[in-house]
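Biologist: I'd like to go through the open spaces in this one with you, and then a few loop residues. Can you load it up?

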Amino acid sequence: MADRPINHHVNTVFIPVEDIEKAKEWYEGVLGIEGGEIQFGHLFVADMNGIDLVFDEMPMWRGDNGELPALNVPAVQFSSNDIHASYRLLKEQHVELVSEVMHDHFFVFKDPDGNMLMVCQC
């Protein structure tokens with residue numbers, strides 16, 4: 001399995017939040033997270049000494065009514081050393097791809113149960 005482009009490692013878990021400023025402040029207080037900045041105006045990456053948490057207002061995943069999504073968003077991110085090879089592999093395996101490779105960095109796909117997952121070249 002060493003020749004596969006998707007690693008056997010979960011590196012990030014996303015948590016949807018309504019207000020990134022409030023969430024950052026709350027999680028800093030509750031978890032003792034130090035440092036870090038809000039990125040792209042809608043997410044905060046918390047270094048958790050292992051699997052990172054990303055608190056995200058999820059602007060890309062909100063519906064027309066602006067409602068914050070629940071569990072039907074990519075909540076688990078798998079790492080890759082070659083994002084394009086990973087994308088080709090899943091396409092060849094007829095996996096349902098939700099997005100193209102975005103920003104030369106990540107793409108989203110669904111598992112057989114409809115759970116959205118992400119692969120990211122980090």
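Modeller: Before anything else, please keep in mind that this is a predicted model. In the largest pocket, the lining divides by class into 14 nonpolar, 6 polar and 2 charged residues.

Biologist: OK, and what volume does the largest pocket have?

Modeller: The computed volume of the largest pocket is about 590 Å³, and its lining is made up of 22 residues, with Phe14, Phe40, His42, Leu43 and Phe106 lying nearest the centre.

Biologist: Which strands supply at least two residues each to that lining?

Modeller: Strand 1 (6-16), strand 3 (43-46), strand 4 (52-56) and strand 7 (116-121) each do so, and the largest share, 3 residues, comes from strand 4.

Biologist: What about the second largest pocket, how is that one lined?

Modeller: The second largest pocket has a volume of about 150 Å³ and is lined by 11 residues, of which Arg4, Ile6, His8, Leu89 and Leu90 lie nearest its centre. Strand 1 and helix 2 (83-92) each supply at least two residues of this lining, strand 1 giving the most with 3 residues, and by class there are 7 nonpolar, 3 polar and 1 charged.

Biologist: Back to Phe40 for a second. Where does phenylalanine 40 sit, and is it buried or exposed?

Modeller: Phenylalanine 40 is placed in the loop between strand 2 (38-39) and strand 3, and it counts as exposed because its relative accessibility of 70% is over the 50% cut-off. The phi of phenylalanine 40 is near 60°, a positive value in a residue that is not glycine, whereas most residues other than glycine have a negative phi.

Biologist: Which loop holds histidine 94, and what is its phi?

Modeller: Histidine 94 lies in the loop between helix 2 and strand 6 (106-110), and its phi, too, is positive and near 60°. With a relative accessible area of 72%, histidine 94 is exposed.

Biologist: Changing topic: why does serine 99 count as buried?

Modeller: Serine 99 counts as buried because its relative accessibility is 12%, which is under the 20% cut-off. Serine 99 is in the loop between helix 2 and strand 6.

Biologist: And what does serine 99 touch?

Modeller: Leaving aside residues up to four places away in sequence, serine 99 touches Tyr87, Phe107 and Val108. For valine 108 there is also a polar contact, in which the side chain of serine 99 reaches the backbone nitrogen of valine 108 at 3.0 Å.

Conventions:
Residues are numbered from 1 along each chain as its sequence is written. This is a predicted model: local features need pLDDT of at least 70, side-chain atom pairs count only at pLDDT 80 or more; totals for chains, interfaces and linings use all residues. Side-chain values use heavy atoms; hydrogens and water are left out. On a 1 Å grid over the protein atoms alone, a cavity is a set of points where a 1.4 Å probe fits but cannot get out, and a pocket is an open set with protein on both sides within 12 Å along at least five of seven lines; lining residues have an atom within 4 Å of a point. Grid points are joined across faces, edges and corners, and a volume is the space filled by probe spheres set on the points. Helices (H or I, at least four residues) and strands (E, at least two) are DSSP runs, numbered from the N terminus. Ala, Val, Leu, Ile, Met, Phe, Trp, Tyr, Cys and Pro count as nonpolar, Asp, Glu, Lys and Arg as charged, and the others, Gly among them, as polar. Buried means under 20% relative accessible area, exposed over 50%, partly exposed in between (1.4 Å probe, protein chains only). A polar contact is a pair of N or O atoms within 3.5 Å; within protein, one must be able to donate a hydrogen and the other to accept it, and residues adjacent in sequence count only if both atoms are side-chain atoms. Contact means heavy atoms within 4.5 Å.
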